[in-house]
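Thank you all for making time this morning. I would like to walk through one structure slowly, going from the contact surfaces to the sheets, and I will put it on the screen now.

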Protein chains: 2
Amino acid sequence: MKKYLEILKKCPLFYQIEDENLLRMLGCLDAKVETFDKKYTIFAEGYPAKYIGIVLSGSVQVVQVDYYGNRSILSILNASQVFAEAFACAEVCSLPVSVVANDPCEVMLIDCSHVLHTCSNHCDFHQQLIFNLMKDMASKTIMFHQRIEVTSKRTTREKLMAYLALQAKEHDSNSFDIPFDRQELADYLEVDRSGLSAEIGKMKKEGMIETQKNHFRLL
Amino acid sequence: MKKYLEILKKCPLFYQIEDENLLRMLGCLDAKVETFDKKYTIFAEGYPAKYIGIVLSGSVQVVQVDYYGNRSILSILNASQVFAEAFACAEVCSLPVSVVANDPCEVMLIDCSHVLHTCSNHCDFHQQLIFNLMKDMASKTIMFHQRIEVTSKRTTREKLMAYLALQAKEHDSNSFDIPFDRQELADYLEVDRSGLSAEIGKMKKEGMIETQKNHFRLL
DNA sequence: CTCCTTTTGTTGAAAATTCAACAGACATTT
DNA sequence: AAATGTCTGTTGAATTTTCAACAAAAGGAG
């Protein structure tokens with residue numbers, strides 16, 4: 001586990017837990033590391049949620065696919081970020097989302113029953129872990145609200161602008177890469193891909209933005 | 001506080017906390033009770049999040065209003081349910097939502113700094129509170145996913161059907177009341193009100209549903 | 001009961017999205 | 001270098017939503 005220490009130290013779950021305690025805790029939690037190819041489904045919709053995931057390298061997508069096959073992308077998570085924590089903590093018997101490898105990636109899996117049910121009174125680190133989990137879910141909720149702010153707009157152009165404005169704010173720059181190709185961006189914004197392409201074209205002509213591939217610049 | 005005990009015992013924040021401990025804790029947390037008229041804005045978008053709210057009587061709406069005045073309703077919360085917990089816990093300096101009284105209502109407000117920063121190592125109930133807060137946020141995240149499942153549909157009819165199907169499941173019956181009038185339902189589903197009315201009319205004619213005011217029946 | 005306000009249903013026209021199909025650009029593999 | 005597959009932009013037609021305006025219905029206050 002030592003090779004992942006630098007990544008794990010940045011993980012919000014382990015905030016304010018010392019290195020040696022962190023390593024001991026991982027043993028106590030029976031943490032496992034697994035490797036996945038790009039596009040591999042790490043957790044599948046409909047299955048029970050048992051594990052909390054932590055991205056160690058690469059990135060993952062959290063997606064919802066409905067009855068007709070329409071995909072919604074809910075989030076992209078990079079190294080040291082956590083996924084499926086809410087479902088694991090709520091102990092749901094059917095995941096409402098899938099988690100898919102966005103690149104070849106390594107993931108740490110922690111059986112959530114160890115987090116919720118074991119030794120919760122004995123171990124000090126454990127209390128800190130619960131606290132960190134709560135903080136993490138709070139910030140995830142805020143991420144959700146940002147996404148809703150974007151997707152609640154009624155037109156493709158408004159959604160795109162809301163998204164780009166948010167990205168610009170996060171990158172603290174008018175020039176940035178987005179983590180999506182066109183189809184993925186459409187599935188994040190919940191619009192039609194071809195309509196999105198057309199809209200991007202129009203906005204370029206109107207001098208609102210410049211793009212090349214994943215790179216966007218607001219003007 | 002005693003008069004609210006029965007409501008508070010059902011509140012997920014106080015799960016597995018004994019009555020006398022609960023009352024003592026409320027003192028320790030400096031909990032206050034306030035009363036609001038219908039439509040009063042309890043928390044306003046843009047202000048710092050300081051308090052966790054608990055509905056004691058009546059109900060509240062959590063809403064997002066964008067630059068152009070378009071309203072999105074995110075959730076309706078009834079007695080013993082919690083609101084603004086995620087923003088309080090994340091200590092955001094600008095609330096991304098407003099909370100509005102849906103009826104005349106009583107609300108308990110708890111300064112979240114008391115929850116997060118004080119006596120977290122001394123008091124046993126406090127550890128339970130943090131744990132409950134984590135559980136509560138996990139279940140809120142699941143509610144969010146349900147809403148996304150509804151609003152990610154592309155047509156008014158699909159959104160409405162997805163919503164009604166979910167309600168039927170929750171009520172365990174094909175016949176139920178919804179907590180919205182038509183405008184509010186439109187703002188929850190993120191569609192146009194007049195289009196929604198028209199769609200409901202069509203679905204009645206096609207024999208898919210029956211309605212009278214807030215009451216719906218799936219056929 | 002009557003007046004007044006709010007809510008709901010209806011309509012038609014304008015605007016936007018979706019859908020399917022295709023062609024060019026690009027990257028990768030053989 | 002050729003072949004293959006994926007991604008992107010473009011188009012036009014069909015569908016759907018939005019918008020504004022109005023009328024009918026329901027509810028509340030006096």
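**Between the two domains of chain A**

Across the interface of domain 1 of chain A and domain 2 of chain A, four residue pairs are found in polar contact, with both residues of each pair at pLDDT 80 or more. That confidence value is a reminder that what we are looking at is a predicted model, and I ask you to keep this in mind throughout. On the side of domain 1 of chain A that touches domain 2 of chain A, the largest share, five residues, comes from strand β5 of chain A, residues 71-77.

For anyone who wants to find these parts on the screen, the domain assignment of chain A places domain 1 at 2-140 and domain 2 at 153-218. The centres of domain 1 of chain A and domain 2 of chain A, taken over C-alpha atoms, are separated by 29 Å. Seven residues of domain 1 of chain A are in contact with seven residues of domain 2 of chain A, and between them these two domains bury about 590 Å², with 48% of that area on carbon and sulfur atoms. Which three residues supply the most of the area that domain 1 of chain A buries against domain 2 of chain A? They are Arg71(A), Ile73(A) and Ile76(A), which supply 70% of that area, more than any other three residues.

Arg71(A) deserves a second look, since its side chain also meets that of Asp187(A) in a salt bridge, at 2.6 Å from N to O. The count of salt bridges between domain 1 of chain A and domain 2 of chain A is one. As general background, side chains of opposite charge can pair when their charged atoms come close.

**Between the two chains**

Let me now turn to the surface shared by chain B and chain A. Here 37 residues of chain B are in contact with 37 residues of chain A, and the two chains bury about 3,300 Å² between them, 67% of it on carbon and sulfur atoms. Across this interface of chain B and chain A there are four salt bridges, as well as seven residue pairs in polar contact, again with both residues at pLDDT 80 or more. Which elements of chain B give two or more residues to the side that touches chain A? They are β5, α3 (85-90) and α5 (124-151) of chain B, and α5(B) gives the most, with 16 residues. A salt bridge to look for is that of Lys153(B) with Asp66(A), whose closest N and O atoms are 3.6 Å apart.

Over all chains, the structure holds 22 salt bridges. One that lies within chain A joins Lys140(A) to Glu85(A), with the closest N and O atoms 2.6 Å apart. This pair links distant parts of the chain, as Lys140(A) sits in helix α5 (residues 124-151) of chain A and Glu85(A) in helix α3 (residues 85-90) of chain A, 55 residues apart.

**Two open sheets**

I will finish with the sheets, beginning in chain B, where four strands form an open sheet in the order β2-β7-β4-β5, with antiparallel pairing. Why is one side of β2 and of β5 in chain B left without a neighbour in the sheet? The reason is that β2 (41-43) and β5 (71-77) of chain B stand at the edges, and therefore each has a single partner strand. Neighbouring strands of this sheet are turned by 35° against each other on average, direction ignored. Strand β4 (residues 60-65) of chain B pairs with β5(B) in the antiparallel sense over six bridges, and Val63(B) stands opposite Ile73(B) in β5(B). Helix α7 (residues 182-189) of chain B packs on the sheet, where it touches β4 and β5 of chain B, and its direction makes about 105° with that of β5(B).

In chain A, an open sheet of three strands has the order β9-β11-β10, also with antiparallel pairing. Its edge strands are β9 (175-177) and β10 (209-212) of chain A, each of which pairs on one side only. Neighbouring strands in this sheet are turned by 20° against each other on average, direction ignored. β9(A) pairs with strand β11 (residues 215-218) of chain A over three bridges, in the antiparallel sense, and Ser175(A) stands opposite Arg217(A) in β11(A). Helix α6 (residues 156-171) of chain A packs on this sheet, touching β9, β10 and β11 of chain A.

Key
Residues numbered from 1 in each chain as written. Chains lettered and ligands numbered in written order. Heavy atoms only, no water. Pairing = 2+ DSSP bridges. Axes fitted to C-alpha atoms, helices over the stretch in contact; angles between N-to-C directions. Contact = heavy atoms within 4.5 Å. Domains from an automatic or database assignment. Buried area = accessible area lost by both parts, 1.4 Å probe. Polar contact = N/O pair within 3.5 Å; in protein donor to acceptor, adjacent residues only side chain to side chain.
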